[in-house]
Amino acid sequence: MKALVEQGAAPRDLAGDLASWERRLHTAAHPVAYPMIRGLGKFRPVVRLPGLGVLVSEASLVRQVLMDSSYSKSGAKASGALWTPVVGPRVLLNMHGAEHLELRRRLNGLFTPRAVEAIVAPAAERLRGRLAAGLDNGGSVEFVGLVKELSGGVISRLLGVRDDAPGRLPDTELFNLGTSITSLVRLGRPQLTVPQVAKAKSAVEILAGPVRHAYRGDDSSTFPGRLRTLGLSEDEAVGIVSAFVIAGTETLVSYVPRLTAMLFDGGRLPRLADDRRGLPDAVNEGLRYTAPSPMMLREATAAGRLGGVRIRPGDRILLSTVHAAKSLGGFDPATPIPAAARQLWFGAGAHFCIGMPLAMAEINCALTVLLDEYTRGPWHIRSRTVGRNVLIPHYRALELTRGN
Ligand code: HEM
C-alpha cells in the first residue's frame, strides 16, 4: 500500500528530481495556498478556514462528500456559480439533482471508443508529424505548444469544424480561446467579475458560431450533430460543447507534459518505450500524483458533521483532490492505489468526469507518439519553465531534443 506521507523513502536521485520538479510546479502556481493547505491537511483531514470555507483533504472524506447529494455544485458558493453567467444554467457542471441526472442520462454513450477515435486521431497524427519534424537532425521542439495544438485539434472536432473548412481557426488559437475562459478562475475567488464574465462570454460566442452551424447541418458525423440526435436543443448543444472546452482544455495541457517530464525525470522512458505494457499503470499513477483538477467545490445544503467538523447549510466546501491523492505516496506505478482514492482525480458520484474517455484517449495518443519517437532515437528534456500564479500547475515550456 502507498504510505501516508507525501514522499515515500526515495533512493536519491531520479525520484527526488521528479518530486522536486512537481513541488516547484505547485509552489509556482500557488506560492501561499499550496504549502498552507498541505501543512493543514497533514494534521487535520477537515478544517474550517475562516473566510474561505471548509477544507477537506483526505481521500475517503472527499469521496463521501462527492457521493452525498446534500452537497451541491449549483449553489452560489460552488464552482457552478462561476460558470452560469458565462454559459447559462444547464451545462452539467453547474447543475444539481434530478435535472442534472436527466441530462447526464441523455449524454450516456456520447464518448464511445469509435466516437473518441474520430475526435482524437487526426490531431494525434498531426502531433506525430510535428514531433518527428522537430526532433529530426538534432533539432528541438517545444512540447507544451504541441499539446496545446492537440487540444485545439480536439476542440475543433467538438465544435464540428472540418479540418479543411475554409477560415478554420488554427489549433493553437482554438486552445487559446478555451484557456482564455478558464484562466480567469482563481482559488480564493468564488465568482468572476463583470468584465471577466464579458470576456469569457465573448470567447464562448466565438465557439458557439461553428457549433450552431454544425447543429443546423443535422449531420450526425459531427459532434454537435450527435448532440442533436441525442435530443439536445441548439442552445443546450452550445452549452455542453462550451462546458467540454472549459473542463477539458487546461487539465490536459497540464497533465501530458507533466507526465512526460515525470517519466523522463524518473528514468522510466527507455523501458516503457521497449515494453508498453506498463503504460496504463504509469498514466493512472501519474494522474494520482499530479491530480490535474486539483480542487473541487461544493456548497453544503444541510447541517451535518464531516470528519468531526460541524457543517452548516451554506458552507463552501473545498475538496483538495491534490492533497487527498498525493499524500498517498511518491510516484510509483507498481504500487496499487487504495480503493478510496481510485480515480478520484476524475471525481466521483453524479458529476464524475464525463470527458474521461476522451481525456484518456488524448493522453494515450500523446504518450504513444512520444514513446514511438523515443524508440526512433532517444530524446531528453533540454530546458523547462513553470507557470506562475495559475490555477492548474503546469509547465509553460518543455523543450525536447536529441541533441545537446
Ligand atoms: C486529465 C484530464 C481531466 C481531468 C483530471 C478531469 C477531471 C474532472 C473532475 C475531477 C471532474 C468532477 C468535478 C466535480 O465533481 O466538481 C470533472 C468533471 C467534468 N469533466 Fe473532466 N477532467 C479531465 C478532462 C476532461 C475532458 C477532456 C472533458 C471534455 C471533453 C471533460 C469534461 C468534464 C465535464 C463536462 C465535467 C462535468 C460533469 C458533470 O458535472 O456532470 N473533462 N472532470
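Hi everyone, let's start with strand 5, residues 295–300, which is mostly covered: 5 of its 6 residues are buried. Buried here means under 20% relative accessible area, exposed means over 50%, and partly exposed is in between, using a 1.4 Å probe and protein chains only. Strands (E, at least two residues) and helices (H or I, at least four) are DSSP runs, numbered from the N terminus.

Before going on, a word on the source: this is a predicted model, where local features need pLDDT of at least 70, side-chain atom pairs count only at pLDDT 80 or more, and totals for chains, interfaces and linings use all residues. Residues are numbered from 1 along each chain as its sequence is written, and side-chain values use heavy atoms, with hydrogens and water left out.

Back to strand 5. Which strands pair with it? Strand 8, residues 316–320, is antiparallel to strand 5 and pairs with it over 5 bridges. Strand 3, residues 71–72, also runs antiparallel to strand 5, and 2 bridges join them. Two strands count as paired if DSSP finds at least two bridges between them. If you want residues to look for, R298 has I317 in strand 8 as its bridge partner, and Y71 has A300 in strand 5.

Now step back to the sheet: 5 strands form an open sheet with mixed pairing, in the order 1-2-8-5-3. Strand 1 (46–49) and strand 3 each have a single partner strand, so these edge strands have one side without a neighbour in the sheet.

There is another sheet to look at. Here 3 strands, in the order 4-10-9, form an open sheet with antiparallel pairing. Why is one side of strand 4 (140–142) and of strand 9 (380–386) left without a neighbour in the sheet? They stand at the edges, and each has a single partner strand, so nothing in the sheet sits on the other side. From one strand to the next, the twist averages 15°; axes are lines fitted to C-alpha atoms, for helices over the stretch in contact, and angles run from 0 to 180 degrees between N-to-C directions. Strand 4 pairs with strand 10, residues 395–401, over 3 bridges in the antiparallel sense, and E142 stands opposite E399 in strand 10.

Next, the inside. A nonpolar core is a set of buried Ala, Val, Leu, Ile, Met, Phe, Trp, Tyr and Cys residues joined through side-chain atoms within 4.5 Å. The largest one has 74 residues, and L131, F143, I317 and L400 touch the most other members. Helix 16 gives the largest share of this core, 9 residues. Another core, of 49 residues, lies apart from it, and L82, V91, V116 and V241 are among its residues. What does F143 touch, leaving aside its neighbours within four places in sequence? F143 is in contact (heavy atoms within 4.5 Å) with L127, L131, V256, P257, T260, L370, L398 and L400.

Helix 16 also brings us to the ligand. The loop between helix 15 (321–326) and helix 16 (356–376) holds C353. The SG atom of C353, at 2.3 Å, is the only protein donor of the ligand's iron atom. Donors are N, O and S atoms within 2.8 Å of the metal (3.2 Å for Na, K and Ca), and sites may look incomplete, as water is not among the atoms.

Please find helix 14 next, residues 279–290. Helix 14 has 12 residues and reaches 16 Å from its first C-alpha to its last, close to the 16 Å expected at 1.5 Å a residue; the expected span is 1.5 Å times one less than the number of residues. Since 9 of its 12 residues are buried, helix 14 is largely enclosed by the rest of the structure. Among the buried ones are L279, A282 and V283. After helix 14 comes A291, with a positive phi near 40°.

Let's finish with some loops. N137 lies between helix 6 (113–135) and strand 4. Is N137 buried or exposed? N137 counts as exposed, at 81% relative accessibility, and its phi is near 60°, a positive value in a residue other than glycine. D218, in the loop between helix 9 (194–217) and helix 10 (223–229), has a positive phi too, near 55°, and counts as partly exposed at 48%. Finally, N389 lies in the loop between strand 9 and strand 10. The C-alpha atoms of N389 and H26 are separated by 9.4 Å, although the two are 363 residues apart along the chain. Thanks for listening!
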